[in-house]
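Please follow the structure below from its overall dimensions to a single residue. The account moves from one chain as a whole, through one of its helices and its contact surface, to a residue of the partner chain.

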Amino acid sequence: MRSRAVKAVLVKELKIALRSKVFLFWNIVFPIVLLTFMVLLFAPKPGAQRSYETINVAIVPEVRSDELLKHYEEYKKYMNNFTVDGGNLIKAVLFNGTVDEALLTLRNGSYNAVVVIPEDAPKAFEQNMTIKARIYVLTGTPDPTTEQLAKTLLTSFFREAGVYVSLGMFYATSEKILEKGEVLVAADPEMGEVLAMLTKLKESAWNNTDIEVLEVKPRMIEETAEIRPYVIGWMTISIIFIEYMWCGILGASRSIADEFEKKHVERILTTNASPWELYLGYMLANLISLTIPTAACLLWGDFTLGAKFTVGLFDVELLYVIILVAAGAILTLSIGVLVGLLVRSAETASIIANIIIWPTMMLGGFWIPKFMLPPYLRIFAELNPLSVLMYAVVNVISYGRGIGEYMTSIAASLAISIALLAASSLIYKKYITKLL
Amino acid sequence: MIADNVVVIEKVEKKFGDTYALKGVSHVVKREEIHVLLGPNGSGKSTLLKILAGILKPDKGRAVVLGKEPYLNPEVKKFIGYCPQENLLYESLTGFENLVFYAGLYGLSPSQAKERARELSEILGLDEWFFRKKVKAYSGGMAKRASLAVSLVHDPQVLIMDEPTSGLDPQARRLLWDAVDKLRNEGKTVILATHIFEDAEVLADKVVVMHKGRVVAVGGAGDLKRKIGCRYALELEFSREPEKDVLAKLKKIAGESRLLKVGNTIRLLVDDASLISKIEEASPGKLLNLSVRRISLGDVYFALTGVELK
């Protein structure tokens, strides 16, 4: 292996890359813009309370009457008082139209639910103290959590309303019985004990729960700390790995295919450079190229967007991070080389690379955090070596955790990276020799 | 004496799919000679050059350069320079940067490459543009000279050039001829493939006439012209496409293999210029123009293969 030949390929690749506006856009401008965009849109706002999902409800009369309208007003008032951390959980309005019109509006997505109070509701309430309502919940949306929340909140609301009415009646009845307490005890001394119990029940009826809600932060995040810098830290690492996919898989596959398509390889093969020298020079150049988006994202995320990183420049954990990041870069580059060798043109390489990149990005927990994926999709992120490496880096660099508990999956991912590197180098050599 | 045989090609065959590109080609090139492979596209020239450059392997036979088969012994490639038909330079680099890259592949340092670039500047007429401008801004002639410089960076003993003047204007072509002539004076052995017979006339010590993957004839330009036994080419331009009886008469005069008809024009290869009067008699009143010139290698190719070089 001659270092001059390796260096020649490395310098040539870097010069071509750094002179390409397309390369500079995808490696510097794009990751910075994408990271900023993600932080602005999806990171929790600095210092602000986290906002919760509000359920939009339309209350619609089955029949328009003064009596029913009174009910609607009551429900609207109480629904709009349903709050958590000072924020409304339900935003209820009276719908000025028919039930059918309200349901059409629901289907159009303007509301999460429509509540219809049936015509006989006042009567049922008067006769049996029964709360009657029909709740239509919009389902089949991309957001099953909100659907579930709408269903649960509105069901709970009406159940609680029923309990509230029962308690009111119980309270009023108890008052009346207790007013006659002396008469009852005089008639039957054992009633004293019953009345004492009734008094206790009456007093506790409105206030018989003692619940405390406590907020707990993810591991290694200080309890008093804001969560935003950690989320930005995760986003930064995620964008770096997304860049590895774009520039590693797509970039490498295109450039390899392009070298063959434009016959540069043919001319290079007239020299006495060996395939190993060419491969090593190419891989080193691309690894160095990938440090550009890595540095751009880390610097932008840390100094401009305020990402929190727990690993310092002189910490031993930095070594883990470098190994994990390098493994991610090698993995994507090896896939890129393999794709580039298997196709005949840069255009086909783009198509195949995109087929690999998009599902990996969407299902691997890069755009959406892994824990937010449905369980059956989460398996993909758990098994995908690039996701494993990315989350290992996040755990070390953002949350300051060790990698001990993920050792098996990390070791497997590292092994896959090395295996792909070996495969891509051997196929590269074989492919070049086959050209002869 | 054997050491003088720089290139030895023995019964080389190469097939692409079911098509033969080379069919039992044998040839020898001696030290410091310029051999020109002459033939149209598809005659097997480029395939033969690629085998000699070590980027293709023959199916049968062997091609030896400086005692070794380049496709089996990559180390011999450091004595061979290959200038492909397409320039194949990196467009976002300057010519000099391309040269430094290839120098590195041959194991030379950047300073050695710089020194060599200076030497080549004089031979090939490389000016400031070669060092400053990116290849994408080069004209066809500049790109060709830059490509030639790249193939000479390691000072090879054998230079292989595929269609070096293709697509060049007459001035750029003459500059390239001068450059190849200087390389001959430097003691290089040159094997050049072309479909332009003027290249062979000007440069060749020996012309290798190739047709459908075979070597049809080998010799100096003068020898080949003598070999076909015709000294003159007559161009006859008719007012309309000549009729069958006219053609038959002309064929009788010149022989079928020495007659080429393109539209309204017929070319006849003859040894006796006095045949002109017979020819005029054979085409009374229909001949617009008649010109006589000395035979070219293009005519030789036509006489040997029945195919005109375009």
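Of the 436 residues in chain A of this predicted model, 33% are buried. The secondary structure of chain A comprises 16 helices and six strands. The radius of gyration of chain A is 33 Å, whereas the globule rule gives 22 Å for 436 residues; the value is well over that figure, so chain A is more spread out than a compact globule. The extents of the C-alpha trace along the principal axes of chain A are about 115 × 50 × 35 Å. When contacts in chain A between residues at least 6 apart in sequence are considered, 75% of them join residues at least 24 apart.

Within chain A, helix 6 covers residues 144-179 and has 36 residues. How far apart should its ends lie at 1.5 Å a residue? The expected span of helix 6 is 52 Å, and the end C-alpha atoms are 52 Å apart, so expectation and model agree. Buried residues in helix 6 of chain A include Ala150(A), Leu153(A), Leu154(A) and Phe157(A). The cover over the buried residues of this helix includes helix 3 (66-79) of chain A, together with strand 1 (55-61), strand 4 (90-94), strand 5 (113-117) and strand 6 (134-137) of that chain.

Attention now turns to the interface. On the side of chain A, 22 residues are in contact with 25 residues of chain B. Two elements of chain A, helix 1 (3-18) and helix 10 (264-268), give two or more residues to this side. Helix 1 of chain A gives the most, with seven residues. By character, the residues of chain A that touch chain B divide into nine charged, eight nonpolar and five polar.

In chain B, His35(B) serves as a local example. His35(B) belongs to strand 3 of chain B, which runs over residues 34-38. Is His35(B) buried or exposed? A residue is classed as buried if 20 or more other C-beta atoms lie within 10 Å of its own; His35(B) has 24 within that distance, and is therefore buried. Which residues is His35(B) in contact with, leaving aside neighbours within four places in sequence? They are Val29(B), Ile191(B), Ala204(B), Asp205(B), Lys206(B) and Val208(B). As for Arg132(B), 97 residues from His35(B) along the chain, the C-alpha atoms of the two residues are separated by 34 Å.

Note on methods
Residues are numbered from 1 along each chain as its sequence is written. Chains are lettered from A and ligands numbered from 1 in the order in which they are written. This is a predicted model: local features need pLDDT of at least 70, side-chain atom pairs count only at pLDDT 80 or more; totals for chains, interfaces and linings use all residues. Helices (H or I, at least four residues) and strands (E, at least two) are DSSP runs, numbered from the N terminus. The radius of gyration is taken over C-alpha atoms; the globule rule is 2.2 Å times the number of residues to the power 0.38. A residue is buried if 20 or more other C-beta atoms lie within 10 Å of its own, exposed if 12 or fewer, and partly exposed in between; C-beta atoms are placed from the backbone. Two residues are in contact if their C-beta atoms, placed from the backbone, lie within 7 Å. The expected span of a helix is 1.5 Å times one less than its number of residues. Ala, Val, Leu, Ile, Met, Phe, Trp, Tyr, Cys and Pro count as nonpolar, Asp, Glu, Lys and Arg as charged, and the others, Gly among them, as polar.
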